[in-house]
Amino acid sequence: MRRNYDFESKIAKNADFTKEESLVSIIYDAIKLTILEEDVPLGERINEYGLAAQLPLSRTPIRIAVKKLTDEGLLKYIPSYGAVVDNFTIKKVDEIFKIRLSLEIIIYEELLNHADVDQLNEIKSICEKAIYYNNTNDLNLLLISFAMYNKKIQEVANLGVASAMLNDLDVYLKNFREMSYERRKRVSQAVDEHSNILDALVQKNRKLLHKNLKIHVRNAREQVIKTYMQ
């Protein structure tokens, strides 16, 4: 008798067939969400036959979605066994943060060259709210402010491909970020880093901007490594 995998029902539950997207995209999103919610154990095999029975669908869109997640590194293919949930390695984390820094620099360079006074003031206003919420120990609103800040930065930069790539990288760091941001010291540090980055942006000081971005990404990486090593 086939083993009953509880996470398969969770993947099925996360599959939103009301979205106007292809079946592959819907299944891809559902598997990814379930993994990031830590409902699929590390090393667990994604059984395409089991998922097909749960959804129910043919194996074709499931197989394509699994292949895509394997190519992206969230799953790992083991010959004669199948795709399993992969673990993070320090090498993989390093690679992600190197790419992230490059993308951050591209986005902020665009702001440096094209953002007007009103746009910079909007970003500054969001940053000031983050500072306030940090001082009042309102973690929930602080995290919302961080999300608003990043969204506004990407909106003003208007670089769709770079923003999409940056958001894809953040998917892989989602769980680490949530754990690290719950640590009060890192939260305060991140607020200061955003403020310093913005100051350099307003001053149009490219050298200082790059320096502050590197500090921000380096500190984020170090926190992830600490979390990973625990």
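This tour proceeds through the structure by selections, from the whole chain to individual side chains. The model is predicted.

**The whole chain**

Begin by displaying the protein chain as a cartoon. Its secondary structure comes to 10 helices and two strands. Followed from the N terminus, the elements run α-α-α-α-β-β-α-α-α-α-α-α. If the chain is then coloured by accessibility, buried residues will make up 44% of its 230 residues.

**Helix 1 and helix 2**

Next, select residues 6-14, which are helix 1, together with residues 23-36, which are helix 2. Two packed helices are described by the angle between their axes and the distance between the axes. For helix 1 and helix 2, the axes come within 8 Å and cross at roughly 125°. An angle of 65 to 115 degrees would count as roughly perpendicular and one over 145 as roughly antiparallel; helix 1 and helix 2 are therefore oblique to each other. Their crossing is right-handed.

**A salt bridge between helix 10 and helix 5**

The tour now turns to charged side chains. Side chains of opposite charge can pair when their charged atoms come close. In this model the count comes to 10 salt bridges.

Select Arg206 and Glu109 and show their side chains, which meet in a salt bridge with an N to O distance of 2.9 Å. This pair links distant parts of the chain: Arg206 belongs to helix 10 (residues 206-229) and Glu109 to helix 5 (residues 90-114), and the two are 97 residues apart. Is Glu109 buried or exposed? Glu109 is buried, because its relative accessible area is 17% and the limit for buried is under 20%. Arg206, at 37% relative accessibility, counts as partly exposed.

Remain in helix 10 and select Arg221. This residue counts as partly exposed, with 27% relative accessibility. Add Ile96 to the selection: the C-alpha atoms of Arg221 and Ile96 are 9.1 Å apart in space, while the two residues are 125 apart in sequence.

**Along helix 7**

Select residues 139-157, which form helix 7 and include Met148. Met148 counts as partly exposed because its relative accessibility is 38%. Add Leu141 and Ile144 to the view; with Met148 they form a nonpolar patch on the surface. Together the three residues have about 230 Å² of accessible area.

Within helix 7, proceed to Lys152 and Glu155, which lie three residues apart, about one turn of the helix. Their side chains meet in a salt bridge, at 3.1 Å from N to O. How do the two partners stand in accessibility? Lys152 counts as buried at 13% relative accessibility, whereas Glu155 counts as partly exposed at 48%.

**A buried pair and a network**

Select Arg186 and Glu193, which form a salt bridge whose closest N and O atoms are 3.0 Å apart. Arg186 is buried, with a relative accessible area of 3%. Glu193 also counts as buried, at 5% relative accessibility.

As the last selection, take Lys19, Glu21 and Asp29, which are joined into one network by salt bridges that share partners.

Notes: Residues are numbered from 1 along each chain as its sequence is written. This is a predicted model: local features need pLDDT of at least 70, side-chain atom pairs count only at pLDDT 80 or more; totals for chains, interfaces and linings use all residues. Side-chain values use heavy atoms; hydrogens and water are left out. Patches are made of residues with over 30% relative accessible area and no salt bridge: like charges are joined within 9 Å, nonpolar side chains (Val, Leu, Ile, Met, Phe, Trp, Tyr) within 5 Å. Accessible areas come from the Shrake-Rupley method with a 1.4 Å probe; for residues, only the protein chains shown count as cover. A salt bridge is a side-chain nitrogen of Lys or Arg within 4 Å of a carboxyl oxygen of Asp or Glu. Helices (H or I, at least four residues) and strands (E, at least two) are DSSP runs, numbered from the N terminus. Buried means under 20% relative accessible area, exposed over 50%, partly exposed in between (1.4 Å probe, protein chains only). Axes are lines fitted to C-alpha atoms, for helices over the stretch in contact, and angles run from 0 to 180 degrees between N-to-C directions. Angles under 35 degrees count as roughly parallel, over 145 as roughly antiparallel, 65 to 115 as roughly perpendicular and the rest as oblique. A crossing is left-handed if the near helix is turned anticlockwise from the far one by less than a right angle, and right-handed if clockwise.
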